[in-house]
Amino acid sequence: MSLKDKVALVTGAASGIGRECAITMARQGAALVIADLNKEAAEVVVKEIVQAGGRAISVVMDVTNEAAVTAGVQAAVDKFGSIDVLVSNAGIQIVHPIEDFPYEDWKKIIAIHLDGSFLTTKAAIKHMYDSGRGGAIIYMGSVHSHEASKLKSAYVAAKHALLGLARVVAKEGGPRRVRANVVCPGFVRTPLVEKQIPEQAKAFNISEADVIKNIMLKDTVDGEFTTTADVANTVAFLAGFETNALTGQSITVSHGWSMH
Ligand code: NAD
């Protein structure tokens, strides 16, 4: 499968998993729109893709701001003529026991993960319908779309909700060839996870090595982290899978931590 002649917009593409998804799809021929809050880091990814012979632009986008999302998606269409793949990936993590969870933090997590997925879908799907070619929408879920962990009420609720959103988009989009799926990674050593290791060590009063061994990787089949490449290859596969045979699904990429 090739992504030649496809245009892909990835949110949160300036770092971690989103960055790797963008670079992988560019390698397979797609033109990339690197959408992120962080303009400087987004430009670095654009440069990397262009230097390797690919096509890419950056757009500054806060996925919780409807006007910014609409403008960013329009900028992509103006530049490359269409939008064929949306990877809704931007995300953060904030952990607290529920009795101490600041409501502001709860709202922030829900806004970035869930409102951001809704707003980017709403903006991009119109172009997918208008082109007559349909498209692929991929939500970055998590093992936490299927499992729960202590201290992560907002994150787990938001990631579970993405399954519901994807299923509705699959039903609405199916007749117009828009597929919607969720990719569910286990722990990947990105800045988002590096930050959690000392936080969890403190919260559970254990060492950082124990957080990794006894919490993060405890239920994997091999004690290994999932890599950004593992996740990006799965995203690129879904981006290039052209029929409705695979829609409304979630694919877990987690070294067996979760087998849903
Ligand atoms: P990361 O911190 O490396 O990258 C996240 C990116 O999102 C950053 O570039 C940041 O600037 C951007 N971002 C944050 N808020 C934004 C906003 N409002 N609008 C636009 N961009 C915004 O994180 P990551 O680990 O690569 O995570 C990416 C996604 O993968 C998240 O949805 C996360 O929940 C999910 N995920 C991560 C892991 C993991 O172990 N790292 C596991 C499962 C799922």
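Two strands are said to pair if DSSP finds at least two bridges between them. Helices (H or I, at least four residues) and strands (E, at least two) are themselves DSSP runs, numbered from the N terminus. With that in hand, strand β4 (residues 85-88) and β5 pair in the parallel sense over four bridges.

Before going on, a word about the model. It is predicted, and local features need pLDDT of at least 70, side-chain atom pairs count only at pLDDT 80 or more, while totals for chains, interfaces and linings use all residues. Residues are numbered from 1 along each chain as its sequence is written, and side-chain values use heavy atoms, with hydrogens and water left out.

## Strand β5 and its partners

Let us stay with β5. Across from it in β4, V87 stands opposite I138. β5 also pairs with β6 in the parallel sense, over six bridges, and there the bridge partner of M140 is V183. From β5 the chain crosses through α5 to β6, and this β-α-β crossover is right-handed. That word means that, with the strands pointing away from the viewer, the path from the first strand over the helix to the second runs clockwise. β4, α4 and β5 make a right-handed β-α-β unit too.

Is β5 enclosed or open? Six of its six residues are buried, so β5 is largely enclosed by the rest of the structure. Here buried means under 20% relative accessible area, exposed means over 50%, and partly exposed lies in between (1.4 Å probe, protein chains only). G135, I137 and Y139 point one way from the strand, and A136, I138 and M140 point the other way.

## The nonpolar cores

In soluble globular proteins, nonpolar side chains tend to be buried together. A nonpolar core is a set of buried Ala, Val, Leu, Ile, Met, Phe, Trp, Tyr and Cys residues joined through side-chain atoms within 4.5 Å. The largest one in this model has 36 residues, and those with the most contacts inside it are L9, V33, M61, I137, Y139, V169 and A180. Elements that give two or more residues to this core include β1 (7-11), β2 (31-36), α4 (103-131) and α5 (153-173). α4 gives the most, with seven residues.

V169 is a good residue to look up in the structure. Not counting residues up to four places away in sequence, V169 touches T121, I125, I137, Y139, G174, V178 and A180, where contact means heavy atoms within 4.5 Å. A second, separate core of 33 residues includes A13, C21, V46 and V85.

## Two helices

Helix α1 (residues 16-27) is mostly covered, since ten of its twelve residues are buried. Among them are I17, C21 and M25. The expected span of a helix is 1.5 Å times one less than its number of residues. For α1 this should be 16 Å, and the end C-alpha atoms are 17 Å apart, which agrees.

Helix α6 (residues 191-204) has 14 residues that should span 20 Å, and its end C-alpha atoms are 20 Å apart, which agrees. α6 bends by about 25 degrees at I197, and a proline, P198, follows within four residues. The bend is the angle between axes fitted to the seven residues ending at a residue and the seven starting there. The buried residues of α6 are V193, Q196, I197, Q200 and A201, and they pack against α7 (208-216).

## Some single residues

Most residues other than glycine have a negative phi. Two residues here have a positive phi although neither is a glycine.

| Residue | Phi | Relative accessible area | Place |
|---|---|---|---|
| R177 | about 65 degrees | 39%, partly exposed | loop between α5 and β6 |
| N205 | about 55 degrees | 71%, exposed | loop between α6 and α7 |

T11 lies in strand β1 and is buried, with a relative accessible area of 1%. Which residues is T11 in contact with, leaving aside its neighbours within four places in sequence? They are A35, M61, V63, V87, S88, N89, A90 and T120.

L217, in the loop between α7 and α8 (228-240), is also buried, at 9% relative accessible area. With neighbours within four places in sequence left aside, L217 is in contact with I212, G223, E224 and F225.
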